[in-house]
Amino acid sequence: MKVELQNVLPADIERRSMEMIGEELAARGVMLSPEREAVVKRVIHTTADFDYAENLTFSPSAVETARAALRAGASVVTDTQMAKAGINKKSLARFGGAVHCFMSDADVAAAAKQNGTTRAVASMEKACALTGPLIFAIGNAPTALIRLYELIGEGRLHPELVIGVPVGFVNVVESKELILGTGTPHIVARGRKGGSNVAAAIVNALLYGIE
């Protein structure tokens, strides 16, 4: 069988991909604001999954709030090294921010063992010591999202944005719904879908929108 391939230069692949995503969204009748569209298209580009056009939920002015925080030097806290690796740290550093993931830290492992919790829980508690504006990008561990919800309620953390996109089955849907019930700015993928790659894609979409 002969397959017809598009002749697209490497530098044009992303541009053409975004055009195709836009065309398919239009064909599906999906209408989004320019700010939300940039995030949704970046996630679809990462996953090739158009369900995100429906399940990504934004609190009012979430994108604008997050970009203002990034301009002001906000740092990002993730729950996996994979998400940390996927975030464009050079773009983030231009505004004075950095990416933190404490999951592999020895003190986090020790605290989790001592308290009988997951490392994800202990890593959220360690994040309380950070100063400056913070964005949390949770793509793997619902326990991280649940503990983050509790820390917000306790007044120990005041995130500029919570990206809640853990993937899986156990406590995943429930943890996302907790964040939706807070007054904290958020971008949440309702349902079971998500992942570290989705969390990183959302952060990058926010960053690219202010460059």
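## Salt bridges

The count of salt bridges comes to 15 in this structure, which is a predicted model. Side chains of opposite charge can pair when their charged atoms come close.

One of these pairs is Arg42 with Glu14, whose closest N and O atoms are 3.0 Å apart. Arg42 belongs to helix α2 (residues 34-47) and Glu14 to helix α1 (residues 10-27), so this salt bridge ties together parts that are 28 residues apart in sequence. Buried means under 20% relative accessible area. Arg42 has a relative accessible area of 14%, and therefore counts as buried. Glu14, at 37%, is partly exposed.

## A pair between α8 and α9

Glu125 and Arg147 also meet through their side chains in a salt bridge, with 3.0 Å from N to O. Here too the pair links distant parts of the chain: Glu125 lies in helix α8 and Arg147 in helix α9, 22 residues apart. Arg147 is buried, with a relative accessible area of 12%, whereas Glu125 is partly exposed at 25%.

## A network of shared partners

Salt bridges with partners in common join Asp12, Arg15, Arg16, Glu19 and Glu23 into one network. Within it, Glu23 forms a salt bridge with Arg16, and the closest N and O atoms of this pair are 3.4 Å apart. Glu23 is partly exposed, with 47% relative accessibility. Arg16 is also partly exposed, with a value of 22%.

## Helix α9

Helix α9 covers residues 142-153, 12 residues in total. From its first C-alpha to its last it reaches 17 Å, close to the 16 Å expected at 1.5 Å a residue. Just after this helix, Gly155 takes a positive phi of about 80 degrees.

The buried residues of α9 are Pro142, Ala144, Leu145, Arg147, Leu148, Leu151 and Ile152. Arg147, the salt-bridge partner of Glu125, is thus on this list. The buried residues of α9 pack against two helices, α8 (119-126) and α10 (172-180), and against two strands, β4 (134-138) and β5 (161-164).

## The sheet

An open sheet is formed by 6 strands in the order β1-β6-β5-β4-β2-β3, and the pairing is mixed. The edges are held by β1 (56-58) and β3 (99-100); each has a single partner strand, so one side of each is left without a neighbour in the sheet.

At one of these edges, β1 pairs with strand β6 (residues 186-189) in the antiparallel sense, over 3 bridges. Phe58 has Ile187 in β6 as its bridge partner.

Terms used:
Residues numbered from 1 in each chain as written. Predicted model: local features only at pLDDT ≥ 70, side-chain atom pairs only at ≥ 80, totals over all residues. Heavy atoms only, no water. Helix = DSSP H or I, 4+ residues; strand = E, 2+ residues; numbered from the N terminus. Expected span 1.5 Å × (residues − 1). Buried < 20%, exposed > 50% of the residue type's maximum accessible area, 1.4 Å probe, protein only. Contact = heavy atoms within 4.5 Å. Pairing = 2+ DSSP bridges. Salt bridge = Lys/Arg side-chain N within 4 Å of Asp/Glu carboxyl O.
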